[in-house]
Amino acid sequence: MVDCIFCKIAVGEIPSNKAYEDDQVLAFYDLDPQAPVHILIIPKGHIGSAAEITAENSRIVAHIFEVAAKLAAELKLDQGWRVVTNVGKDGGQSVLHMHFHLLGGRSMAWPPG
Ligand code: AMP
């Protein structure tokens, strides 16, 4: 395994506050929430960022969006929500394991900073 904090969270080596889990993905609450609801959804297998999505692995992204919609419904984010994935330095990515931020519970600004 690469030395990756989200790989360690995916296998339970580092604890997380889980919101959803199946054989392919894990969703857990962000340690530094930027909204009343701030959940990270990750593939269990290591993918560095959305820049590494190909025809071979892109199905996981559809599954992550299914999980995002399910969580948003369960958490009653009826006024709307946002999914963000940061890529690389200019994108503001700090953890190099692809993750999707599910944000909700407040009005979001656009464009993001
Ligand atoms: P990004 O800046 O897009 O790479 O997002 C990384 C996110 O991971 C940040 O929002 C961090 O607060 C969050 N984070 C880092 N370590 C942990 C952890 N151990 N448990 C939960 N969230 C974490």
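**Exercise 1. Following one side chain**

Find the residue whose backbone oxygen lies 2.9 Å from a polar atom of the side chain of Gln-93, then work out whether Gln-93 is buried or exposed.

*Solution.* A quick heads-up before we start: this is a predicted model.

- Step 1: Look around the side chain of Gln-93, and you'll find the backbone oxygen of Val-95 at 2.9 Å from one of its polar atoms.
- Step 2: Keep looking, because a contact within 3.5 Å is what we're after. The Gln-93 side chain also reaches the backbone oxygen of Gly-48, at 3.0 Å.
- Step 3: Place the residue in the fold. Gln-93 sits in the loop that runs between α3 (88–91) and β5 (100–104).
- Step 4: Check the accessibility. Gln-93 has a relative accessible area of 12%, so it is buried, as the cut-off for that word is under 20%.

**Exercise 2. Meeting the ligand**

Work out how many residues surround the ligand and which are the closest, then find which polar atoms of Leu-31, Asn-86 and His-99 lie by the ligand.

*Solution.*

- Step 1: Take stock of the shell. The ligand is surrounded by 16 residues, and the closest are Asp-30, Asn-86, Ser-94, His-99 and His-101.
- Step 2: Turn to the ligand's oxygen atoms. Asn-86 has a polar side-chain atom 2.8 Å from an oxygen atom of the ligand. His-99 also has a polar side-chain atom by a ligand oxygen, here at 2.9 Å.
- Step 3: Now try nitrogen. Leu-31 has a polar backbone atom 3.2 Å from a nitrogen atom of the ligand.
- Step 4: See how wrapped up the ligand is. On its own it has 510 Å² of accessible area, and the protein covers 83% of that. The space the ligand takes is the largest pocket.

**Exercise 3. Who builds the shell?**

Sort the residues of the shell around the ligand by character, and say which element gives the largest share.

*Solution.*

- Step 1: Sort by type. The shell splits into eight nonpolar residues, six polar ones and two charged ones.
- Step 2: Ask which helices or strands pitch in. α1 (5–10) and β2 (25–29) supply at least two shell residues each.
- Step 3: Pick the main contributor. That's α1, with three residues, the largest share.

**Exercise 4. Far in sequence, what about space?**

For Gly-88 and Ala-51, compare their spacing along the chain with their C-alpha separation; then do likewise for Ala-50 and Asn-86, and for Ala-68 and Glu-13.

*Solution.*

- Step 1: Gly-88 belongs to helix α3. Its C-alpha is 8.5 Å from that of Ala-51, with their positions 37 residues apart along the chain. Gly-88 has a relative accessible area of 27%, so it counts as partly exposed.
- Step 2: Ala-50 is in the loop between β3 (37–43) and α2 (59–74). Ala-50 and Asn-86 are 36 residues apart in sequence, and their C-alpha atoms are 8.1 Å apart. With 28% relative accessibility, Ala-50 is partly exposed.
- Step 3: Ala-68 is part of helix α2. From Ala-68 to Glu-13 you go 55 residues in sequence and 24 Å in space, C-alpha to C-alpha. The relative accessible area of Ala-68 is 1%, so this residue is buried.
- Step 4: Try one more. Asp-23, in the loop between β1 (18–21) and β2, is 74 residues from His-97 in sequence and 17 Å away in space, C-alpha to C-alpha. Asp-23 is exposed, at 66% relative accessibility.

**Exercise 5. Spot the odd backbone**

Find which residues a cis peptide bond joins, and say what phi Lys-76 has.

*Solution.*

- Step 1: Recall what to expect. Most peptide bonds are trans, and most residues other than glycine have a negative phi.
- Step 2: Check the omega angles. The bond joining Trp-110 and Pro-111 is cis, with omega about 0 degrees. You'll find Pro-111 in the segment after β5.
- Step 3: Check phi. Lys-76 is not a glycine, yet its phi is positive, about 60 degrees.
- Step 4: Locate it. Lys-76 lies in the loop between α2 and β4 (81–84), and its 62% relative accessibility makes it exposed, the cut-off being over 50%.

Key. Residues are numbered from 1 along each chain as its sequence is written. This is a predicted model: local features need pLDDT of at least 70, side-chain atom pairs count only at pLDDT 80 or more; totals for chains, interfaces and linings use all residues. Side-chain values use heavy atoms; hydrogens and water are left out. A residue is near a molecule or strand if one of its heavy atoms lies within 4 Å of it. A polar contact is a pair of N or O atoms within 3.5 Å; within protein, one must be able to donate a hydrogen and the other to accept it, and residues adjacent in sequence count only if both atoms are side-chain atoms. Accessible areas come from the Shrake-Rupley method with a 1.4 Å probe; for residues, only the protein chains shown count as cover. On a 1 Å grid over the protein atoms alone, a cavity is a set of points where a 1.4 Å probe fits but cannot get out, and a pocket is an open set with protein on both sides within 12 Å along at least five of seven lines; lining residues have an atom within 4 Å of a point. A molecule sits in a cavity or pocket if more than half of its atoms lie within 2 Å of its grid points. Helices (H or I, at least four residues) and strands (E, at least two) are DSSP runs, numbered from the N terminus. Ala, Val, Leu, Ile, Met, Phe, Trp, Tyr, Cys and Pro count as nonpolar, Asp, Glu, Lys and Arg as charged, and the others, Gly among them, as polar. Buried means under 20% relative accessible area, exposed over 50%, partly exposed in between (1.4 Å probe, protein chains only).
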